[in-house]
Amino acid sequence: MRHAKQGRKLGRTASHKKATLSNLVTSLFLHGSIQTSRAKAKELRSLAERMITFAKRGDLHARRQVLRRIRNKRLVSRLFEEIGPSFADRNGGYTRLLKLGTRRGDNSEVCLVKLVTEDLASSEETDEEGERA
């Protein structure tokens, strides 16, 4: 029985799961959005939000905690200098999951994982254009 066990197994060993999630969160911060299975997306969401919270803190210990998961130093710098401060006024909910349907090969549910900042920037631009007109 799996009483009080958190997280999904994802059909992998613990080390493979850790590597998979590290690669997913690296790709998410690199590209802004990624497409993956629903189970992986739900696991990725908690890890990505934890990394952004560390970036909002911005101290040396937080940077080292993030470097444990994301091995790309340039990406970590971008996370701490651009992505983290852009969420300064937001208390969680940094990512959004959009269901895309099922994958053709194995019929598993597929989701698009996006950072919310992209949506906020585009919606603010349209609001400003609406106010000017």
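This is a quick look at the fold, helix 2 and the nonpolar core of a predicted model.

## Ground rules

Residues are counted from 1 along each chain as its sequence is written. Since this is a prediction, local features need pLDDT of at least 70 and side-chain atom pairs pLDDT 80 or more, while totals for chains, interfaces and linings take in all residues, and side-chain values rest on heavy atoms, with hydrogens and water left out.

## Overall layout

The protein has five helices and three strands (DSSP runs numbered from the N terminus: H or I of at least four residues, E of at least two). From the N terminus, the order is α-β-α-α-α-β-β-α. Of the 133 residues, 32% are buried, meaning under 20% relative accessible area with a 1.4 Å probe, protein chains only.

## Helix 2

Helix 2 covers residues 38-57, and its end C-alpha atoms sit 29 Å apart, which agrees with the 28 Å expected for 20 residues at 1.5 Å each (the span is 1.5 Å times one less than the number of residues). Right after it, glycine 58 has a positive phi of about 80°.

Its buried residues include Leu44, Leu47, Met51, Ile52 and Phe54, along with Glu43 and Glu49. The buried set packs against helix 1, strand 1, helix 3, helix 4, strand 2 and strand 3.

## The core

The largest nonpolar core (buried Ala, Val, Leu, Ile, Met, Phe, Trp, Tyr and Cys joined through side-chain atoms within 4.5 Å) has 28 residues. Helix 2 gives the largest share, eight residues.

Phe29, Met51 and Ile52 are among those with the most contacts inside this core. Leaving aside neighbours within four places in sequence, phenylalanine 29 is in contact (heavy atoms within 4.5 Å) with residues including Met51, Ile52, Arg78 and Leu115.

Notes: Buried < 20%, exposed > 50% of the residue type's maximum accessible area, 1.4 Å probe, protein only.
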